[in-house]
Amino acid sequence: MANLRANLTVAANGRIVIPAEIRAALGVKDGGKLIARVENGALVLESIHTAVARAQAMVRKYVPAGTNLVDEFIAERHAEAARE
C-alpha cells in the first residue's frame, strides 16, 4: 500500500473529512466503517477487514499448526452437553 499523506482539519463538531484517495487505499466506500485507535500519539485508522486480519495474526501465533479451533470448540460443547 502506498504511503499517502494529507493535512486534515478538525471541524468544531469533531468531524474530519478523509480524502477520497485515502478512503480508496483503505478500501472504504461511502458509509463504510473504520476502526480508530491512538498508537504512540498518532491516530491510526484501519478498515474492519484489516483490523480483523491483524487480530487473527496475533492469535494465530499461539495456536499450534494444524489446529482447528472451531472443531475443538464444537467438540468441547458436545462433551459438555453429554455430561448434562
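This dialogue goes through features of a predicted model, one at a time.

Q: Where should one begin with charged side chains, and how many salt bridges does the structure hold?

A: Side chains of opposite charge can pair when their charged atoms come close. The structure holds 3 salt bridges.

Q: Which residues are linked in a network of salt bridges?

A: The network links Arg 37, Glu 39, Glu 46 and Arg 54. Arg 37 pairs with Glu 39, with 2.9 Å between the closest N and O atoms. Arg 37 also forms a salt bridge with Glu 46, where the closest N and O atoms are 2.8 Å apart. Glu 46 in turn forms a salt bridge with Arg 54, and here the closest N and O atoms are 2.5 Å apart.

Q: Is Glu 46 buried or exposed?

A: The reading rests on relative accessible area, and buried means under 20%. Glu 46 has a relative accessible area of 7%, so this residue is buried. Its place in the fold is strand β2, residues 42-47.

Q: How do the partners of Glu 46 in the network read on that scale, for instance Arg 37 at 23% relative accessibility?

A: Partly exposed covers the range between the buried limit of 20% and the exposed limit of 50%. Arg 37 counts as partly exposed because its relative accessibility is 23%. Arg 54 is at 34% and therefore counts as partly exposed. Glu 39, which is linked to Arg 37 by a salt bridge, is at 38% and so also counts as partly exposed.

Q: Which residues does Glu 46 touch, not counting residues up to four places away in sequence?

A: A contact list of this kind sets sequence neighbours aside. For Glu 46 the list holds Leu 34, Ile 35, Arg 37, Ala 51 and Arg 54. Two of these names return as polar contacts between side chains: Arg 37 at 2.8 Å and Arg 54 at 2.5 Å.

Q: What can be said of Ser 47, in strand β2?

A: The same steps apply: place, accessibility, contacts. Ser 47 is in strand β2. With a relative accessible area of 8%, Ser 47 is under the 20% limit and therefore buried. The side chains of Ser 47 and Thr 50 are joined by a polar contact of 2.9 Å. Once neighbours within four places in sequence are left aside, Ser 47 is in contact with Leu 26, Lys 33 and Leu 34.

Q: Which residues form a nonpolar patch on the surface?

A: A patch is read as a group, with one area for its members together. Leu 8, Val 10, Ile 16, Val 38 and Leu 43 form this nonpolar patch, and together they have about 470 Å² of accessible area. One of them, Val 38, lies in strand β1, residues 34-39. Val 38 counts as exposed because its relative accessibility is 67%.

Q: Where is Asn 40 found, and what is its phi?

A: Backbone angles are read together with residue type and place. Asn 40 is found in the loop between β1 and β2. Its phi is positive, about 50°, although Asn 40 is not a glycine. The relative accessible area of Asn 40 is 80%, so this residue is exposed.

Q: Why does the span of helix α3 agree with its number of residues?

A: The check compares an expected length with the distance between the end C-alpha atoms. Helix α3 takes in residues 69-83, and its 15 residues, at 1.5 Å a residue, should span 21 Å; the end C-alpha atoms are 21 Å apart, so the two agree. At the start of α3, Asn 68 has a side-chain oxygen that reaches to within 3.0 Å of the backbone nitrogen of Val 70.

Q: How are distances along the chain and in space set side by side, for example for Val 17 and Asn 7?

A: One takes a pair of C-alpha atoms and states both separations. Val 17 and Asn 7 are 10 residues apart along the chain, and their C-alpha atoms are separated by 10.0 Å. Val 17 is in the segment before α1 (20-26), and counts as exposed because its relative accessibility is 66%. A second pair is Ala 57 and Asn 3: they are 54 residues apart along the chain, with 22 Å between their C-alpha atoms. Ala 57 lies in helix α2, residues 48-60. With a relative accessible area of 41%, Ala 57 is partly exposed.

Key. Residues numbered from 1 in each chain as written. Predicted model: local features only at pLDDT ≥ 70, side-chain atom pairs only at ≥ 80, totals over all residues. Heavy atoms only, no water. Helix = DSSP H or I, 4+ residues; strand = E, 2+ residues; numbered from the N terminus. Buried < 20%, exposed > 50% of the residue type's maximum accessible area, 1.4 Å probe, protein only. Polar contact = N/O pair within 3.5 Å; in protein donor to acceptor, adjacent residues only side chain to side chain. Contact = heavy atoms within 4.5 Å. Salt bridge = Lys/Arg side-chain N within 4 Å of Asp/Glu carboxyl O. Patch = residues over 30% accessible without salt bridge, like charges linked within 9 Å, V, L, I, M, F, W, Y side chains within 5 Å. Areas by Shrake-Rupley, 256 points an atom, 1.4 Å probe, with all protein chains shown as cover. Expected span 1.5 Å × (residues − 1).
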